[in-house]
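Hi everyone, thanks for coming. I have one model to walk you through today, so let's put it up on the screen.

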Amino acid sequence: MPASDPAVQSLSFDDLTHLLRQIFLRHGTSAEVADILAHNCATAQRDGAHSHGTFRIPGYLSTLASGWVDGKARPQVEEVASGYVAVDAAGGFAQPALAAARGLLVSKAREAGIAVLAIRNSHHFAALWPDVEPFAAEGLVALSVVNSMTCVVPHGGTKPLFGTNPIAFAAPCAGKDPLVFDMATSALAHGDVQIAARAGHPVPVGAGIDKHGQPTTDPAAILDGGALLPFGGHKGSALSMMVELLSAALTGGNFSFEFDWTRHPGAQTPWTGQLIIVIDPDKRAGQNFAERSRELVERMHEAGQSRLSGDRRYRQRALATTQGISMPVEELERLRALAGE
Ligand SMILES: NC(=O)C1=CN([C@@H]2O[C@H](COP(=O)(O)OP(=O)(O)OC[C@H]3O[C@@H](n4cnc5c(N)ncnc54)[C@H](OP(=O)(O)O)[C@@H]3O)[C@@H](O)[C@H]2O)C=CC1
Ligand SMILES: O=C(O)C1=NCCCC1
């Protein structure tokens, strides 16, 4: 969208964060939770991760209004075994739980070379890369998984069971931005199906089935009693199973099919769990990990891969830093009204 377009307005990252913070505060979160969610959501919007940027605000607010999530929850952090940090998010959002445990997690990873954070009783409604990228910026390797809500049929099955269950990975790379990937284990993120339905666009072949179990490219049919498919058939399905086990069975959280939000009309956030593994690579590798990352990236480029995961986001971030974050004026007006401006 060109900045000269009168239907588009640019604003700084700080201004967008401030606006979102006002919205969260006005809709029942604590100041601390408002700060964390606003920063998280503005970060996604800045980097062009539209399925998890300001698009999510109405979902956050209807969920808060429904009483399904506690916007003022105080996470409880405990080191249950050496280097194994558990957090009970107390029915609140996952990001404040991560924030509460982050210092302990990093110090344990630096001490022992590896540490695990197991978050349970939490709601994750966002992109996963903002949770892991900051670790890599500090020289650590991080892997995270989170499960969501039943909307994906396991491979060869007929009934939805898994969530869209993303996996995110971040690693330092000498002289470059961290190497990051973040992907749903379904053929599409649920958010992208909602965006396609709203825009009236078809989704790619292989993304989902309708309520009769027939393949469809109609996003509305996927949302209305249909389901998504795993990416890559049995391989994505196996990864999704792993995400369920690590995010729920290992943390004490809910599987994607286990929570019942029907008594909370408007609820949209999955009440599940999240696992983060943090590794200090220079403790064990015996060589400079970040230099090795750079070597690998150079070889990938030589092999012909021009775009690496994360490149698009970093490009968007650079653009937003110099030119501001471009947003449709109509959407900004809606956000300002929600903030009471
Ligand atoms: N909280 C939750 O429960 C859930 C959250 N989500 C979130 O939804 C978001 C979108 O997920 P998804 O749709 O699977 O992501 P995409 O398929 O858009 O992207 C997945 C990864 O592949 C990279 N990538 C995309 N296209 C290319 C390409 N042509 N060449 C090289 N790399 C490429 C992306 O990098 P780049 O970012 O640079 O484009 C990204 O790291 C994620 O942030 C995820 O965390 C999804 C499911 C549930
Ligand atoms: O896009 C998705 O898929 C999801 N995002 C946030 C949480 C629910 C699933």
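Let me start with empty space: the largest cavity has a volume of about 30 Å³. Before I go on, this is a predicted model, where local features need pLDDT of at least 70, side-chain atom pairs count only at pLDDT 80 or more, and totals for chains, interfaces and linings use all residues. Residues are numbered from 1 along each chain as its sequence is written, chains are lettered from A and ligands numbered from 1 in the order in which they are written, and side-chain values use heavy atoms, with hydrogens and water left out.

By cavity I mean a set of points, on a 1 Å grid over the protein atoms alone, where a 1.4 Å probe fits but cannot get out; a pocket is an open set with protein on both sides within 12 Å along at least five of seven lines, and lining residues have an atom within 4 Å of a point. Points are joined across faces, edges and corners, and the volume is the space filled by probe spheres set on them.

The structure holds one cavity of 30 Å³ or more. Which residues line it? They are Val33, Ala73, Pro75, Ala89, Gly92, Phe93 and Pro96. Strand 3, residues 84-93, gives the most to this lining, with three residues. Helices here are DSSP runs of H or I with at least four residues, strands are runs of E with at least two, and both are numbered from the N terminus. By type, the cavity lining has six nonpolar residues, one polar and no charged. Nonpolar covers Ala, Val, Leu, Ile, Met, Phe, Trp, Tyr, Cys and Pro; charged covers Asp, Glu, Lys and Arg; the others, Gly among them, are polar.

Now the largest pocket, at about 990 Å³. It is lined by 42 residues, and the closest to its centre are Ser51, His52, Ala184, Ala189 and Asp192. This lining divides into 21 nonpolar, 15 polar and six charged. Strand 7, helix 6 (190-199) and helix 11 each supply at least two of the lining residues.

That brings us to helix 11. Its 13 residues, 311-323, should span 18 Å at 1.5 Å a residue (times one less than the number of residues), and the end C-alpha atoms are 18 Å apart, which agrees. Which of its residues are buried? Arg313, Tyr314, Arg317 and Ala320 are, where buried means under 20% relative accessible area, exposed over 50% and partly exposed in between, with a 1.4 Å probe and protein chains only. Those buried residues cover an arc of only 125° around the axis, which puts them on the same side of helix 11; the arc is taken from the directions from the helix axis to the C-beta atoms. On the other side, Arg315, Thr322 and Gln323 are exposed. The cover over the buried residues includes helix 2 (31-46), helix 5 (129-137), strand 7 (179-183) and strand 12 (325-328). Just after the helix, Gly324 takes a positive phi of about 90°.

Last, the loop between strand 5 (141-146) and strand 6 (167-171), which holds Asn165. Asn165 has a positive phi of about 30° although it is not a glycine, and Asn165 is buried, with a relative accessible area of 0%. Thr164 is in this loop too, buried at 9%. Leaving aside neighbours within four places in sequence, the contacts of Thr164 include Ser148, Ala184 and His190, contact being heavy atoms within 4.5 Å.
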